[in-house]
Amino acid sequence: METVQFRQMKDGTKEEYLFLTKHEDEYAKGLPDRILEALKNLENTLSGYQVSRLGHSLQSATRAEADGADEEMIVAALIHDLGDDLAPHNHSQYAASILRPYVRPEVTWIINQHGLFQNVYYAHFLGGDPNEREYLKDHPWYQACVDFCEKWDQSSFDPDYPTKPLSHFEPLVRKIFSRTAFDPKYVGEQTMGKSAVDIAMSGTSE
Ligand SMILES: [Fe+2]
Ligand SMILES: [Fe+2]
C-alpha cells in the first residue's frame, strides 16, 4: 500500500489505519530535529530586545541549568517561547502542548501559565492587570511558576550573559522528545484525551 484508498475518514479500513499509524510513528521520530529547527528560526522572530528570541531561549535554559534545574525543566525553559511566530497571542499554550506528552504535569503547567505570570513585570504599563495571576495563588505549582519567571524568563534578556549555544542543549532535546509519548513513567496517569492535566492546565484545580 502506498496510500490509503479512502477519501473520507469514515470509509477507512482497519488495515488502512494501521498503515497510517506506522507513518505517523515514523514521522514523530523526527520531532527532535523539527524542534531544533524551530528554535533556530527564533533567531528571526520578534525584534526590539537586546537579544534575539533564540538568544533569550538559550539564556533561559542556561540559567535553569546553572541553578540545578532538572532536565525536563531545562528543556521547557529552552522551548517556552517557541510559539512566538505561529501563536503570538497564546504562545504559552503552544509550548505547553509540545511538552505535555513528554514531561511531568508540573512542567507543562508552568509553561502553560508563564505568559500570564510574566504580566507582573509590565502589564501595568499597558493598561492591564499585572496581578491577574493571583487567582491561581493557591495552586500547588503557583510558586514554581513565579520562580520560573523571576529566575529564568524575565531575567534572560542580557546580551552579556554567558549563554550556552544550541548545540549544548541538543542532546537533551533529543533525549526528552524521543521518549514514548504519554508514557506514565514521565507524565503520570493521563492520555491524549481528558485527564488530570487538562484540569490542571485550565488552572482551576488539580
Ligand atoms: Fe513567553
Ligand atoms: Fe520568555
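Two residues are in contact here if their C-beta atoms, placed from the backbone, lie within 7 Å. Keep that in mind for the exercises below, and remember that this is a predicted model.

**Exercise 1. Getting the overall picture**

Work out which secondary structure elements the protein chain has, and what share of its contacts with a separation of 6 or more joins residues 24 or more positions apart.

Solution. Start by counting elements: the protein chain has ten helices and zero strands. Read along the sequence, that gives the pattern α-α-α-α-α-α-α-α-α-α. Next, the extent: the C-alpha trace spans about 55 × 40 × 35 Å along its principal axes. Then the contacts: among those with a separation of 6 or more, 59% are between residues 24 or more positions apart. Last, burial: 31% of the 206 residues count as buried.

**Exercise 2. Finding the core**

Identify the helix that gives the most residues to the largest nonpolar core, and say whether that helix is mostly covered or not.

Solution. Begin with the core itself, which has 38 residues. Those with the most contacts inside it are Ile74, Ala76, Ala77, Ile79, Ala95, Leu99 and Ile110. Now see who contributes: two or more residues come from each of helix H2 (31-41), helix H3 (53-66), helix H4 (71-79), helix H5 (91-99), helix H6 (105-118), helix H7 (142-153) and helix H8 (166-176). H4 gives the most, with seven residues.

On to the covering. Seven of the nine residues of H4 are buried, so H4 is mostly covered. The buried ones are Met73, Ile74, Val75, Ala76, Ala77, Leu78 and Ile79. H2, H3, H5, H6, H7 and H8 are included in what covers them.

For a close-up, try Ala95. Skip its neighbours within four places in sequence, and Ala95 is in contact with Ile79, His80, Asp81, Leu82, Gly83 and Ile111.

**Exercise 3. Three partners of H6**

Decide how H6 is oriented against H4, H5 and H7: roughly parallel, roughly antiparallel or roughly perpendicular.

Solution. Two packed helices are described by the angle between their axes and the distance between the axes. Take the pairs one by one.

*H4 with H6.* The angle is about 20° and the axes are 10 Å apart. Angles under 35 degrees count as roughly parallel, so H4 is roughly parallel to H6. Their crossing is right-handed. Glu72, Met73 and Ala76 of H4 meet Val107, Ile110 and Ile111 of H6. By class, this contact has five nonpolar residues, no polar and one charged.

*H5 with H6.* These axes come within 6 Å and cross at roughly 165°. Over 145 degrees counts as roughly antiparallel, so that is how H5 and H6 run. The crossing is right-handed. From H5 come His91, Ser92, Gln93, Ala95, Ala96 and Leu99, and from H6 come Val107, Thr108, Ile111, Asn112, Gln113, His114 and Gly115. The tally is five nonpolar, eight polar and no charged.

*H6 with H7.* The angle is about 65° and the axes are 9 Å apart. The range 65 to 115 degrees counts as roughly perpendicular, so H6 is roughly perpendicular to H7. H6 passes H7 in a right-handed crossing. On the H6 side sit Glu106, Ile110, Gln113, His114, Phe117 and Gln118; on the H7 side, Ala144, Cys145, Val146, Phe148, Cys149 and Asp153. Sorted by class, the residues are seven nonpolar, three polar and two charged.

**Exercise 4. Two residues outside the helices**

Classify Phe182 and Asp11 as buried, partly exposed or exposed, and give the location of each.

Solution. Phe182 first. Phe182 is in the loop between H8 and helix H9 (184-187). Phe182 has 16 C-beta neighbours inside 10 Å, so it counts as partly exposed. Check its backbone too: phi of Phe182 is near 60°, a positive value in a residue other than glycine. Most residues other than glycine have a negative phi.

Now Asp11, which lies in the segment before helix H1 (14-28). Its C-beta neighbours inside 10 Å number 10. The cut-off for exposed is 12 or fewer, so Asp11 counts as exposed. To finish, pair Asp11 with Ala87: they are 76 residues apart along the chain, and their C-alpha atoms are separated by 34 Å.

Key: Residues are numbered from 1 along each chain as its sequence is written. Chains are lettered from A and ligands numbered from 1 in the order in which they are written. This is a predicted model: local features need pLDDT of at least 70, side-chain atom pairs count only at pLDDT 80 or more; totals for chains, interfaces and linings use all residues. A nonpolar core is a set of buried Ala, Val, Leu, Ile, Met, Phe, Trp, Tyr and Cys residues joined through C-beta atoms within 7 Å. A residue is buried if 20 or more other C-beta atoms lie within 10 Å of its own, exposed if 12 or fewer, and partly exposed in between; C-beta atoms are placed from the backbone. Helices (H or I, at least four residues) and strands (E, at least two) are DSSP runs, numbered from the N terminus. Axes are lines fitted to C-alpha atoms, for helices over the stretch in contact, and angles run from 0 to 180 degrees between N-to-C directions. A crossing is left-handed if the near helix is turned anticlockwise from the far one by less than a right angle, and right-handed if clockwise. Ala, Val, Leu, Ile, Met, Phe, Trp, Tyr, Cys and Pro count as nonpolar, Asp, Glu, Lys and Arg as charged, and the others, Gly among them, as polar.
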